Amino acid sequence: MPEQTSIFISPRLTGKRFNDHLMPLDLLEDFAALEDLLLSVAKKIYLAEHPARKIAPKSLTDGVSLKLEKVDEGSAILKIWLVINTLLNVPQQPTELTTTYFERAKNEVFAAIDAAYKNETIVSEFIDKDDLLHFRKVGNRLREDEAIDFSPNSENYTAILDRRIRHRILEASVHNNDPRDAKIRASVASLNKEKGIFTLSIVGGGNTEISTAFSPAFYNLFIESFERYETGQKILIFGTAKYNKANKIEEIVSVQSVSILDPLDVPSRLWELSSIKNGWLDGEIGSGINKRGISKLSDLFDLHFDHSLPLPHVYPTVDGNIQAEWSTDTSEVSLEITLSDLRGLLHDYNVSSKEYTEFTFDLHSEAGWNSLNQTLSTTLSH
Amino acid sequence: MDNDNLLLRQIHPNFIQGSKASVGAFEAGTIAFTPNASDNGQLSVYNGEKYDAQQSFEHYISIKGEGKSGGVMGVTNGECLSVSLQAEEDNNPYDGHSYVDFNALDPKLWKGCAKELKRLAHERGWLHRP
């Protein structure tokens, strides 16, 4: 049978059961469920890139399967291949393209496991709560001392699944519509005086309506933001909100406070830049922005940046990363942040002496942000 | 090229952000003044002797497409020389095309020079905004 294959995953199994380097047969069902999950995510990625289509073409997934080749002797590492049956996979869907979608689906799934491993929110526009329910089967047969490291050689992920992490993922799959605390950045897109409703365009995606009757004090701030909508003016709302399955705000239930955001508000700017696609600079040059990376950067900036410091201007770099810039009377300071690993390179150029100094920061960690804040505090006070 | 010769740089909209000082003022990022990987160390500019800022903007979007320039800033040849950068007119791929050559400098110094150009351009202000 004509087949095109490529090695796809080399997961490592750890635990007493695997010490003899054999894989128990019951775990095969876990990997079959992983295949179903990958198919679902690959279809979603395809549909996101082809908005005119309502369903993914059969040719994307027909004849595609994961196959276990063998368990290496002397190792608990499996070799799982992506197999594309070229008789079933019709010609108009090149196998390279199918492989690309499955590679991307794999990266999304591994990043979701990575987020659960780090006890972070799972952020993916291609994995919804229904997809996470596949983890009822994926990892279901793992015992207390066992784990599957899906990508043991990856520098990008810690895609380790054990019972604890699987439980976290399944908790995230449960849609709870109860109102919860919310910090909402939004612009006020319209006002319907007759119905007493503002329509908010929310940073992070989606629109929602809110009654004008919350409080006279808030009303004036909403109006101020509405009147400056064209300038990009945004407000920050602390309150409670209900969320839909895709974790988008469905309804703002209560408002505790409202404030006008600084025009340089960094999470809002990062959200704007997250829509940048490949070829943005001149049609060919200019890499698209990694949505997961920029979302994580936005969360970490909000959490750890010292808000007593001046806010930077923020721009994309040609290679798809982010550069923040501060200007003072004597210095031009830039911080280039690589989104794949959240490393920051700070370049402090003194316009009087024409000399520069450079510093690097690990912006995954709170310690890295503290160090950045201290350096900026010194640098920007010159 | 005379020292007073103005060199016009098209600024991509993604390199422009509204400033804190006032809603009408916009900042351009340093990257807009840095050659990218495909520029071979040569920062493309229009020769201000042959185009005014608006003409350069209109010419640029006619060849690159709507939305590829968010405005025009400029530095003079003399200002480039003050930070050890030479400017040349090569008229390629169109008449008036010029470039600021970063190649004579150690690449480690490019960021600093780009920051100097950005600062000089901002002192002059926007020459054209659509």
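This report walks through the contact between chain A and chain B, then the empty spaces, the salt bridges and two spots of unusual backbone. Keep in mind that the model is predicted.

**Where the two chains meet**

Let's start with the contact itself. Chain A puts 37 residues into it, and chain B puts in 26 residues. Together the two chains bury about 2600 Å², with 52% of that area on carbon and sulfur atoms. The size of an interface is often quoted this way, as the accessible area lost when the parts come together.

What holds charge against charge here? Between chain A and chain B there are 5 salt bridges. One of the salt bridges joins the side chains of A:Glu325 and B:Lys118, with N to O at 2.9 Å. Polar contacts add to the picture, with 15 residue pairs counted between chain A and chain B, both partners at pLDDT 80 or more.

On the chain A side, a run of strands does a good part of the touching: strand 12 (313-316), strand 13 (322-327), strand 14 (331-338), strand 15 (343-350) and strand 16 (356-362) each bring at least two residues to the side that touches chain B. Strand 14 of chain A has the largest share of that side, at 5 residues. By class, the side of chain A that touches chain B splits into 15 nonpolar, 12 polar and 10 charged residues.

**A pocket lined by both chains**

The second largest pocket has a volume of about 1000 Å³. Its lining counts 42 residues, and those nearest the centre are A:Leu281, B:Arg9, B:Pro35, B:Asn36 and B:Asp39. Strand 14 of chain A turns up again here, supplying at least two residues of the lining, as do strand 1 (6-10), strand 4 (42-47), helix 1 (53-64), strand 7 (97-101) and helix 3 (110-124) of chain B. The largest share of this lining comes from strand 4 of chain B, with 4 residues. The pocket lining is a mix of 18 nonpolar, 13 polar and 11 charged residues.

**Closed cavities**

Rolling a probe the size of a water molecule over the atoms shows where empty space is left. The search turns up 3 cavities of 30 Å³ or more. Here are the largest and the second largest.

| Cavity | Volume | Largest share of the lining | Lining by class |
|---|---|---|---|
| Largest | about 110 Å³ | strand 13 of chain A, 3 residues | 15 nonpolar, no polar, no charged |
| Second largest | about 40 Å³ | strand 5 of chain B, 3 residues | 8 nonpolar, 1 polar, 1 charged |

The largest cavity has a volume of about 110 Å³. Among its 15 lining residues, A:Val266, A:Phe301, A:Ala324, A:Leu335 and A:Ile337 are the closest to the centre. Helix 7 (266-273), helix 8 (291-304), strand 13, strand 14 and helix 9 (366-379) of chain A each give two or more residues to this lining. So which classes of residue line the largest cavity? The lining has 15 nonpolar residues, with no polar and no charged ones.

The second largest cavity is lined by chain B residues: B:Leu7, B:Arg9, B:Phe33, B:Leu43, B:Val45, B:Met73, B:Gly74, B:Val75, B:Val100 and B:Leu117. Strand 1, strand 4 and strand 5 (72-76) of chain B each supply at least two of its lining residues. B:Arg9 is worth a second look: this residue lines the second largest cavity, and B:Arg9 is also among the residues nearest the centre of the second largest pocket.

**Salt bridges over the whole structure**

Over all chains, the search finds 27 salt bridges. One of them pairs A:Asp30 with A:Arg141, where the closest N and O atoms are 3.0 Å apart. This pair links distant parts of the chain: A:Asp30 belongs to helix 1 (residues 28-49) of chain A, while A:Arg141 is in the loop between helix 4 (129-132) and strand 5 (147-149), 111 residues apart.

**Two backbone details**

Both details here are in loops. In chain B, the peptide bond from B:Asn92 to B:Pro93 is cis, with omega near 20°. B:Pro93 is found in the loop between strand 6 (86-89) and strand 7 of chain B. In chain A, A:Lys354 has a positive phi of about 65°, although this residue is not a glycine. You'll find A:Lys354 in the loop between strand 15 and strand 16 of chain A.

Notes. Residues are numbered from 1 along each chain as its sequence is written. Chains are lettered from A and ligands numbered from 1 in the order in which they are written. This is a predicted model: local features need pLDDT of at least 70, side-chain atom pairs count only at pLDDT 80 or more; totals for chains, interfaces and linings use all residues. Side-chain values use heavy atoms; hydrogens and water are left out. Contact means heavy atoms within 4.5 Å. Buried area is the accessible area (1.4 Å probe) that two parts lose on being put together, summed over both. A salt bridge is a side-chain nitrogen of Lys or Arg within 4 Å of a carboxyl oxygen of Asp or Glu. A polar contact is a pair of N or O atoms within 3.5 Å; within protein, one must be able to donate a hydrogen and the other to accept it, and residues adjacent in sequence count only if both atoms are side-chain atoms. Ala, Val, Leu, Ile, Met, Phe, Trp, Tyr, Cys and Pro count as nonpolar, Asp, Glu, Lys and Arg as charged, and the others, Gly among them, as polar. On a 1 Å grid over the protein atoms alone, a cavity is a set of points where a 1.4 Å probe fits but cannot get out, and a pocket is an open set with protein on both sides within 12 Å along at least five of seven lines; lining residues have an atom within 4 Å of a point. Grid points are joined across faces, edges and corners, and a volume is the space filled by probe spheres set on the points.
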